[in-house]
2 protein chains.
Amino acid sequence: MSRLAILGAARDLLLERGYERLTIDAIAARAGVGKQTIYRWWASKSAVVADAALEGDLAPPLVPLPDTGDIETDLGDWLRAWTERLTTAEGTSLILALTAATADDRAVADTLYDRFTQPHEQLLRDRLELARVAGQLAPDAPVPTIAGVLIGSMLYRVLSRQAPPTADDANLVVRLVFNGSGNRSRRTGV
Amino acid sequence: MSRLAILGAARDLLLERGYERLTIDAIAARAGVGKQTIYRWWASKSAVVADAALEGDLAPPLVPLPDTGDIETDLGDWLRAWTERLTTAEGTSLILALTAATADDRAVADTLYDRFTQPHEQLLRDRLELARVAGQLAPDAPVPTIAGVLIGSMLYRVLSRQAPPTADDANLVVRLVFNGSGNRSRRTGV
DNA sequence: CAGTTACGAGACGATTTGTCTCGGAACCGG
DNA sequence: CCGGTTCCGAGACAAATCGTCTCGTAACTG
C-alpha cells in the first residue's frame, strides 16, 4: 500500500514548505506515486494534510498526564511538556499548517479537532474533574473552561508567531488559573 | 486612488469566499482595476489581505475598555464585547482568513500582529497595570500573561471551529483569571 | 496463459499567477 | 489649443497547479 508513502511525503513537504506551498504533484513525486493514486483516496489537499497529521506519526503521542495527587504540579508538568513540543521547529510548522487547513475547510476542521486537539483537551478535563471531585478545586470550578484556557493560551502564542511560549509562561498560566490574580483572597503564589 | 477600491473588494471577497479561494483576478475585477495596479503596490495575496484587514475598515475599532475602578467588571464587559465581535459571521471569517495569512507568510504575521492583535493586547495590559498599581491585583500579578490568556482563550474557541465562545464563556474566563479555581483560598465567585 | 486489477507515468484543459504591452484618459507646460 | 508625460484599465502571455483522463506495465487470479 502506497498510502503510508503518500502520508509520509505529505508530512515532509508540509514541514519543509508549509501548507500554502504544498502541491499534490510534489507529494506524488516524492512518494513515487501517480497523482491518480492520491485522488483515489483523498478529495483535496486539506484532506491529505489532515490524514498526514493523524496517521503519518506527525501527531505526537499524547503527553502523559500523571496523577500524583497534586493537580497543580501535574498540570504544570503537563503544560510545560506540551508547550515544549509545540515550540520545536517541527511542532510549530505542524501547528501552522494544521491551522491553515482548518481555516480552509470546515470538514477538515472537524476531523482535526476530533482526532488531534480534542484528545488533549479531554485528557485535561478528565484529570481536572478528578481533582475537583477530590476537593482540590472549587466545587463549581468550570473544568472545560480551564482546559480551554490552558491550551488556548499557549496556542495563541505559537500562532501569533511572535515570542513563542516558554516553560515560564506555562508555569505562570497554571499558577494564574489556580490562584487567580485578584488581591482580595490571595495567599501565596510560589 | 484605486487603493481603497482594491482593499474594499479584497475585504468583500475575503468574507464571501475565504482566504484560500480568494484570487487576485477576482479582486481586480470587482475593484474595476487592472491586475498590474494591484501588483504595483503589493507583493502577494497575503500582503493585500493584511492591508485590507488593517485599512479597509475591516479591523473593528478597538473595543473601548473603560476604567470604572472595578477591574473585574471592566474586563468582563470588554471581553464579552470583544467576543461578540469575533463570533459574528464577519468576525469569524476575518479571523480565519487572517490566521491563514499569518501561517502563510512570516512578514505578514508580524504586520498583522503589530497592527491588529497587539493593540488589543496592549489595551488590556495598560488597564491591568493600572489595576495592579491600584492594588486591585496581586502585586506580582503577571500582567502580560493575563492579557494573553484572555485573548488566547477566546481565539482558540473561534479557530477550532467547534462551539464558538459565548458571553458566558467570557465571564467564566475572567472570573477564573481573577479568582482562580483552587479550593484553598476561595471566597465567592458570583 | 488469458483476464483482471492496481498503479506509475504523464498528457490534457481549466484556472490562477505574475509579467508585459497597448491604448486611452488626465494632467502639464507652453 | 497642443504635444508630452504619467497613470492605469484591459488583457495577452508563459509558467505553475489543479483535477481528470488514458496508456502501458506489472502482479495477481483462475
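In the predicted model, a base oxygen of DNA strand C lies 2.7 Å from an N or O atom in the side chain of B:K35. The elements that contribute two or more residues to the surface near this strand are α3 (35-41) of chain A, together with α2 (24-31) and α3 (35-41) of chain B. The largest share, 3 residues, is provided by α3(B).

Both protein chains are represented around DNA strand C. From chain A, the surrounding residues are A:G32, A:V33, A:G34, A:T37 and A:R40. From chain B, they are B:L22, B:T23, B:I24, B:D25, B:K35, B:Q36 and B:Y39. Of the atoms of DNA strand C that come within 4 Å of the protein, sugar and phosphate account for 58%. Backbone atoms of the protein also approach the phosphates: a backbone N or O atom of A:G34 is placed 3.0 Å from a phosphate oxygen of DNA strand C, and a polar backbone atom of B:I24 is 3.1 Å from a phosphate oxygen of that strand. Classified by residue type, the surface near DNA strand C comprises 4 nonpolar, 5 polar and 3 charged residues.

The contact between the two protein chains was examined next. It takes 53 residues from chain B and 53 residues from chain A. The area buried between chain B and chain A is about 4,500 Å², with carbon and sulfur atoms giving 52% of this area. On the chain B side, B:Y156, B:R161 and B:S181 lose the most area to chain A, and together these residues represent 16% of what that side buries.

Across the interface of chain B and chain A, 4 salt bridges are found. A salt bridge joins the side chains of B:D140 and A:R175, with an N to O distance of 3.6 Å. The interface of chain B and chain A also holds 24 residue pairs in polar contact, both residues being at pLDDT 80 or more. At least two residues of the side of chain B that touches chain A are supplied by each of α6 (89-104), α7 (106-133), α8 (143-159) and α9 (167-179) of chain B. The most is given by α8(B), with 10 residues. By class, this side of chain B has 22 nonpolar, 17 polar and 14 charged residues.

Within chain A, the domain assignment gives domain 1 (3-55) and domain 2 (71-179). The C-alpha centres of these two domains of chain A lie 27 Å apart. Their contact takes 10 residues from domain 1 of chain A and 14 residues from domain 2 of chain A. The area buried between them is about 1,000 Å², of which 75% is given by carbon and sulfur atoms. In domain 1 of chain A, the residues that lose the most area to domain 2 of chain A are A:L15, A:Y19 and A:L54, which together make up 52% of what that side buries.

Between domain 1 and domain 2 of chain A, the count of salt bridges is 0, and 2 residue pairs are in polar contact, with both residues at pLDDT 80 or more. On the side of domain 1 of chain A that touches domain 2 of chain A, the elements giving two or more residues are α1 (3-17) and α4 (45-55) of chain A. Of these, α4(A) gives the most, with 6 residues. The residues of this side of domain 1 divide into 8 nonpolar, 2 polar and no charged.

Conventions
Residues are numbered from 1 along each chain as its sequence is written. Chains are lettered from A and ligands numbered from 1 in the order in which they are written. This is a predicted model: local features need pLDDT of at least 70, side-chain atom pairs count only at pLDDT 80 or more; totals for chains, interfaces and linings use all residues. Side-chain values use heavy atoms; hydrogens and water are left out. A residue is near a molecule or strand if one of its heavy atoms lies within 4 Å of it. A polar contact is a pair of N or O atoms within 3.5 Å; within protein, one must be able to donate a hydrogen and the other to accept it, and residues adjacent in sequence count only if both atoms are side-chain atoms. Helices (H or I, at least four residues) and strands (E, at least two) are DSSP runs, numbered from the N terminus. Ala, Val, Leu, Ile, Met, Phe, Trp, Tyr, Cys and Pro count as nonpolar, Asp, Glu, Lys and Arg as charged, and the others, Gly among them, as polar. Domain bounds come from an automatic or database domain assignment. Contact means heavy atoms within 4.5 Å. Buried area is the accessible area (1.4 Å probe) that two parts lose on being put together, summed over both.
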